[in-house]
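User: I'm new to reading protein models and would like a close look at one small part of this one. Could you walk me through it and then show me what surrounds it?

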Amino acid sequence: QVQLVESGGGLVQAGGSLRLSCAASGSGLSINTMGWYRQGSGRQRELVAVITSGGSTNYADSVKGRFTISRDNAKNTVYLQMNSLKPEDTAVYYCKANYWYSEFIRLDAWGQGTLVTVSS
């Protein structure tokens, strides 16, 4: 089993920056892709950014050029640097990790979410 703990959310003014962190823990960790998703009020959860174990990244069009995802494999931690924040970035941000549960089974783990509020 993998547990994810997010941190770094908060209130920031438009144009400001925040850095989210997500640390994975558990025995015998073998994590593949890690990513960040968000869910605004009354909206569906959407992909923000993902990063593979090899470092390849993919971003939602709405955050390209403003957000940067990175990871430290030694610490089993993924980060999301958010710059030039906009009010529409306000949401609960969730971390997700895809990991090997057994030799042939991969599962997803989700964090509890961290709230990011961007004021105008």
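What does Asp108 count as in terms of relative accessibility, and what is the value?

Analyst: Before we zoom in, keep in mind that this is a predicted model. Asp108 counts as partly exposed, because its relative accessibility is 42%, and that label covers values between the 20% limit for buried and the 50% limit for exposed.

Now for the company Asp108 keeps. Its side chain meets that of Lys96 in a salt bridge, with 3.7 Å from N to O. This pair links distant parts of the chain: Lys96 belongs to strand S9 and Asp108 to strand S10, and the two are 12 residues apart. Lys96 has a relative accessible area of 19%, so it is buried. You can see how close a call that is, because buried means under 20%.

Asp108 has another side-chain partner, Asn98, and a polar contact of 2.9 Å joins the two. You'll find Asn98 in strand S9, and it counts as buried because its relative accessibility is 15%. What else does Asn98 touch, leaving aside its neighbours within four places in sequence? Its contacts are Ser30, Ile31, Asn32, Thr33, Arg106, Leu107 and Asp108.

Leu107 turns up again on the outside. Together with Tyr101, Phe104 and Ile105 it forms a nonpolar patch on the surface, with about 430 Å² of accessible area for the four together. Tyr101 sits in the loop between strand S9 (91-100) and strand S10 (106-110). Its relative accessible area is 45%, so Tyr101 is partly exposed.

Let's step back to the salt bridges, of which the structure holds five. In one of them, Arg38 pairs with Asp89, and their closest N and O atoms are 2.9 Å apart. This one also links distant parts of the chain: Arg38 is in strand S4 (residues 31-39), Asp89 is in the loop between strand S8 (77-82) and S9, and they are 51 residues apart. Both partners are tucked away: Arg38 counts as buried at 6% relative accessibility, and Asp89 is buried at 1%.

Lys64 and Asp61 make another salt bridge, with closest N and O atoms 3.1 Å apart. Here Lys64 is partly exposed at 48%, while Asp61 counts as exposed because its relative accessibility is 65%.

Finally, follow S9 into the interior. The largest nonpolar core has 30 residues, and those with the most contacts inside it are Trp36, Leu80, Met82 and Tyr93. Several strands give two or more residues to this core, including S3 (18-25), S4, S5 (46-51), S7 (67-72) and S9. Which strand gives the largest share? That's S9, with five residues.

Take a look at Tyr93 and its surroundings. Not counting residues up to four places away in sequence, Tyr93 touches Trp36, Leu80 and Met82, among others. Its list of contacts also includes Arg38, the residue that forms a salt bridge with Asp89.

So here's the picture to take away for your starting point: Asp108 is partly exposed at 42%, and its side chain has a salt bridge to Lys96 as well as a polar contact to Asn98.

Key. Residues numbered from 1 in each chain as written. Predicted model: local features only at pLDDT ≥ 70, side-chain atom pairs only at ≥ 80, totals over all residues. Heavy atoms only, no water. Patch = residues over 30% accessible without salt bridge, like charges linked within 9 Å, V, L, I, M, F, W, Y side chains within 5 Å. Areas by Shrake-Rupley, 256 points an atom, 1.4 Å probe, with all protein chains shown as cover. Helix = DSSP H or I, 4+ residues; strand = E, 2+ residues; numbered from the N terminus. Buried < 20%, exposed > 50% of the residue type's maximum accessible area, 1.4 Å probe, protein only. Core = buried A, V, L, I, M, F, W, Y, C linked by side-chain atoms within 4.5 Å. Contact = heavy atoms within 4.5 Å. Polar contact = N/O pair within 3.5 Å; in protein donor to acceptor, adjacent residues only side chain to side chain.
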